[in-house]
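Look at the charged side chains in the model below. Then read on to see how some of them pair up.

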Amino acid sequence: RSATERLRSIGSSHALAPLRATEAKALLTSVFGEAPYLEAVSSWLHQLSEGSPQSLVGLAQYLVDHRIALYEHGAWTLPDTIDGLDLPKSFDESILARIGELGPPARKLAEGLSLTVVGEPFHLDEYAIFLGVADAHQLFPVLNELVAASILVGSGNSYTFVHDGMRRALADAIPDERRRELHRSLAEVYRAGPNRADAIAAHHLLLAGDERAAFAALADYVS
């Protein structure tokens, strides 16, 4: 077994309980320091995140990305009130706002990755096929955009979402017709890529609504 598998076999994972308001403030203090108006901002973020540490950090990132929280002269400046500010009404909305600022290729790749089978990620050599670009030089700006936006992070020979909440929010927001198109494109890559995977292709073809092609892919897999 790999080292990762061995570690998983002897370790355990635990779901974090929602943070209390005081704990949320302590976490945000570690980010923004003792900035003025932290109390009001912390209260809003705690309510919106429902105490989820993951969501809390993501929402704090939203404030920074939209220059609502500013770092100036060696210290953070926060708004004295959130009234009248164009703020998301949920954590998912903050993620979708970030996705909406991406260029078309970066958004397509993010959407496609959100629909891949957990445990069977695309690899770098398959990203270019999925996007229809000729070589890796055209791919790097797309990946840089997604990393700079704190959406993806490098993981071995592929990329993964910074956290699963982002993957879930993006996948849930894809319109049905667009979702079917993406699943069909994913199936084509899995069948044509260097690591041909007909079983996974069949899964995506089924979700694309093409049952005949899905069963044909399964037949190739078992033959």
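The protein chain carries 19 positive and 29 negative side chains. The centres of these two sets lie 5 Å apart. The model is a predicted one.

Side chains of opposite charge can pair when their charged atoms come close. How many salt bridges does a search of the whole structure find? The search finds eight. Three of them are listed here, each with the distance between the closest N and O atoms.

| Acidic residue | Basic residue | N to O distance |
|---|---|---|
| Glu 23 | Arg 20 | 3.2 Å |
| Asp 65 | Arg 98 | 3.9 Å |
| Glu 111 | Arg 178 | 2.8 Å |

Start with Glu 23 and Arg 20, which form a salt bridge. Is Arg 20 buried or exposed? Arg 20 has 56% relative accessibility, so this residue counts as exposed. Glu 23 counts as partly exposed because its relative accessibility is 30%.

Next comes the salt bridge between Asp 65 and Arg 98. This pair links distant parts of the chain, 33 residues apart. Asp 65 sits in helix α4, which covers residues 53-65. Arg 98 belongs to helix α5, residues 91-100. The two partners also have their own levels of cover. Asp 65 is partly exposed, with a relative accessible area of 38%. Arg 98 has a relative accessibility of 8%, so Arg 98 counts as buried.

Now turn to Glu 111 and Arg 178, whose side chains meet in a salt bridge. Which parts does this pair tie together? Glu 111 lies in helix α6 (residues 104-114), and Arg 178 lies in helix α10 (residues 176-192). The pair therefore ties together parts that are 67 residues apart in sequence. Glu 111 counts as buried because its relative accessibility is 5%. Arg 178 is partly exposed, at 28% relative accessible area. Arg 107 joins in as well: Arg 107, Glu 111 and Arg 178 are linked in a network of salt bridges.

Finally, step back to the whole chain. Its secondary structure comes to twelve helices and four strands. The C-alpha atoms fill a box of roughly 65 × 45 × 30 Å, taken along the principal axes. Of the 223 residues, 38% count as buried. The accessible surface comes to about 12700 Å², and 54% of that belongs to carbon and sulfur atoms. Contacts tell of the fold too. Among contacts with a separation of 6 or more, 61% come from residues 24 or more positions apart.

Note on methods: Residues are numbered from 1 along each chain as its sequence is written. This is a predicted model: local features need pLDDT of at least 70, side-chain atom pairs count only at pLDDT 80 or more; totals for chains, interfaces and linings use all residues. Side-chain values use heavy atoms; hydrogens and water are left out. A salt bridge is a side-chain nitrogen of Lys or Arg within 4 Å of a carboxyl oxygen of Asp or Glu. Buried means under 20% relative accessible area, exposed over 50%, partly exposed in between (1.4 Å probe, protein chains only). Helices (H or I, at least four residues) and strands (E, at least two) are DSSP runs, numbered from the N terminus. Contact means heavy atoms within 4.5 Å. Accessible areas come from the Shrake-Rupley method with a 1.4 Å probe; for residues, only the protein chains shown count as cover. Lys and Arg count as positive and Asp and Glu as negative; His and the chain ends are not counted. The place of a charge is taken as NZ of Lys, CZ of Arg, CG of Asp or CD of Glu.
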